[in-house]
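Colleague: I would like to learn how to read a model like this one. Can we go through it feature by feature?

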Amino acid sequence: MSHPAPPRPTGVPAARRPELPPVHGALICVAAPGLAISPEHGQLTGRGIDGIYLAGRRLLSRCVLRVGGRDPVAVQGRRLGPDRAAFTATVRTGAEPGPDPDIGVERVRHADGTERITVRSFASRPVRVPVEILLGTDLAELAEVAVGRSGPEVPAGVHAAGLRWSAGGAEAVTAADPPPDDALASAGLLRWQLELGPGEARVIELRTTRDRGARASVGQVANPLADARAEADDPRAEEWLRTGVEDLRALLLRDPERPGDAFAAAGVPWRLGLAPAESLWAARMALPLGTGLAGATLRILARTQTEASGSDAGMIPGPLRGAGPQLPPGCTGTEATLAFPAVLAEARLWGMPEEEVARLLPAAERCLDWLRGALGGDGFLADPDPGPRRCETQAHAHRAALLGADLLDGCGRPGGEEWRDFAAALRDRFRSAFWVDGPDGGSPAAALHPDGRPLPRLTGAAAHLLDTGLLGGGRLAPGLLDRPRTEQLARLLGAPGMDSGWGLRSMAAREPGHNPFGHRSGAVRAYESAVAVAGLARAGFEKEAAGLLRGLLDAAECFGYRLPEMFAAEQRTAGSAPLPHPAACRPAAVAAAAGIHVLTALAGIRPDAPGGTVRLVPLPGAPLGALRLSGLRVSGQPFAVRISRLGLAMVEEAADELQLGG
């Protein structure tokens, strides 16, 4: 189930449009489709977005704990993993003299709706402690909560071991173990009297589900991602990779039509559903962990592909997405359609079984057919049509043509030469129309207006010009830019105007309309930063790649290695820190996959499973020192590589049939 950003009513001034509630200070736990959003103190008060959700519906909005008639004093809230968080608090009952607390409370809350509350006595003699839990819910949809239309709490009824609520066909039940000594439905209150000896602890477990049956089955998608591990001189690399893999797994959702297929949801809390382009990009970045996620995501999207005749035939549908103040919204369906053949081509090189490739090939050919017919009279691809010719859209189209040609050749299908000619012609047109000359060497335009005028803005989307894609034999596909202009773009991306010190800005600092919090006009987007690092590394720009990499890793550390999809960053100075964006999804699929993408790009792994070879072209200089990546997958078998402090690479584990290429 997809939960896009809330609709904005037309004709309403921007200042009065509904605003997403801030989530940057929340502890978010996810085991899709389950979600727990908690304040740092752990008390769910019934206000804001906090609560326990399942499949986009809030099952519990209020869960307030009182011990000894008092609200515990919050001491710490922390994540224990992608799907659970712990909240520690203390209570001073007065049973002991002095200011020291004599009761400790720990609450472990899980995204599956389970909460385990441990009450421990520090007193020197037995104590009797009354415990109360106030529960409530509005049973609201997340989209309603997001725009402040959640409505009042639903009246509660007593359940056998707790409380239940129902309204409008929705139902929620919270059961307690042990059962409460007293339950008062009118107040949503459960009560216990706990007898605790010195050092003794008692546990109360709450389980919230949407019916009276067993615990909700969340977080149980078959895992298509390998257990990869990083070991490095910089120990943060290990934590970054581990957290990214865990978060990506936590975002996996089953396709309701084919439960055997899973995809990565775009992010939480706002987009816990399929976002065609982002789900595909996340699967592509996770190819070093196996081709299972890419295969499932491609199958899911192939089933959505437009089959009717006409200009949309072969297109993968997708919603519009905001592009900032400079451009109208773009169509994520265009992006997904162009990504499909490229992701399938690269998945084949990483080792997707040929029979699986063959089943997906017709959908990829339909995507290419759509591209052939979608070009405008000027030879560029508008997004949407009619509309601007975006720089990154041309890069996606160029990659689709070249990797599509390689895919067709490898599968014995005709048309490869035609698509290489298509790409060559697009390169010539792009170099003539999109480059804006200037005294500093010039830069690519962000877009062309429909009348051909360039929009001379330097944006993070230019990083996609460096993401040319992988061909057979470990070769990189050529890019839209020639070598001198690629060098100029690399200098621009590595300069302070674009490199904030925490990652790549989505628009250069000196451009008109720059906003460090603007999601497309200045904020750092983790995905674009990872694309830039990998593209710069593959193109041989060691200094620029290493600078962006270190900044992104520093930002990841500041965010507990769970990078948000975007964050604000003024130019980095001594003692500064990246600033969270109040509305950013965290975790988000492409941000979780960013660490996987960057670290494997450092190793320069270029597989050609059908050809039985793998090349290693590591980034010179080894910016993180020695690095070992293990638990990867090439040709469906374990793969491990070690990079020395001198930047030399060595394969430590691989499938028997793989040979190290030149």
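Colleague: Does Arg62 count as buried or exposed?

Modeller: A word first: this is a predicted model. For burial, the cut-off is under 20% relative accessible area. Arg62 has 18% relative accessibility, so Arg62 counts as buried.

Colleague: With which residue does Arg62 form a salt bridge?

Modeller: Look for a side-chain nitrogen of Lys or Arg within 4 Å of a carboxyl oxygen of Asp or Glu. Arg62 pairs with Glu153, and their closest N and O atoms are 2.8 Å apart. Arg62 sits in strand E6 (residues 62-67), while Glu153 is in the loop between helix H1 (142-146) and strand E12 (156-159), so the bridge ties together parts 91 residues apart in sequence. Glu153 has 36% relative accessibility, so Glu153 counts as partly exposed.

Colleague: How many salt bridges does a search of the whole structure find?

Modeller: The search finds 49. Take Arg236 and Asp554: their closest N and O atoms are 2.6 Å apart. Arg236 lies in helix H2 and Asp554 in helix H11 (residues 542-558), so this pair links parts 318 residues apart in sequence. Arg236 and Asp554 are both buried. Shared partners extend this into one network of Asp234, Arg236, Asp554, Glu557 and Arg572.

Colleague: Which residue meets Glu278 in a salt bridge?

Modeller: Arg271 does, at 2.7 Å from N to O. Both Glu278 and Arg271 are buried.

Colleague: What span should helix H2 have?

Modeller: Count 1.5 Å a residue, using one less than the number of residues. H2 has 15 residues (236-250), so the expected span is 21 Å. The end C-alpha atoms of H2 are 21 Å apart, which agrees.

Colleague: Which residues of H2 are buried?

Modeller: Among them are Arg236, Ala237, Trp240, Leu241 and Leu248. Gly244 and Asp247 are buried too.

Colleague: Now cavities. How many of 30 Å³ or more does a search of the whole structure find?

Modeller: Rolling a probe the size of a water molecule over the atoms shows where empty space is left. Here the search finds 8 cavities of 30 Å³ or more. The largest has a volume of about 520 Å³.

Colleague: What lines the largest cavity?

Modeller: There are 35 lining residues, with Arg321, Glu392, Ala461, Arg520 and Glu528 nearest the centre. The lining divides into 12 nonpolar, 12 polar and 11 charged residues. Elements that each supply at least two lining residues include helix H3 (276-285), helix H5 (332-350) and helix H7 (391-410). Strand E22 (330-331) and helix H10 (526-538) each do so as well.

Terms used
Residues numbered from 1 in each chain as written. Predicted model: local features only at pLDDT ≥ 70, side-chain atom pairs only at ≥ 80, totals over all residues. Heavy atoms only, no water. Helix = DSSP H or I, 4+ residues; strand = E, 2+ residues; numbered from the N terminus. Buried < 20%, exposed > 50% of the residue type's maximum accessible area, 1.4 Å probe, protein only. 1 Å grid on protein atoms, 1.4 Å probe; cavity = no way out; pocket = protein on both sides within 12 Å on 5 of 7 lines; lining within 4 Å. Points joined across faces, edges and corners; volume = space filled by probe spheres on them. Nonpolar A, V, L, I, M, F, W, Y, C, P; charged D, E, K, R; others polar.
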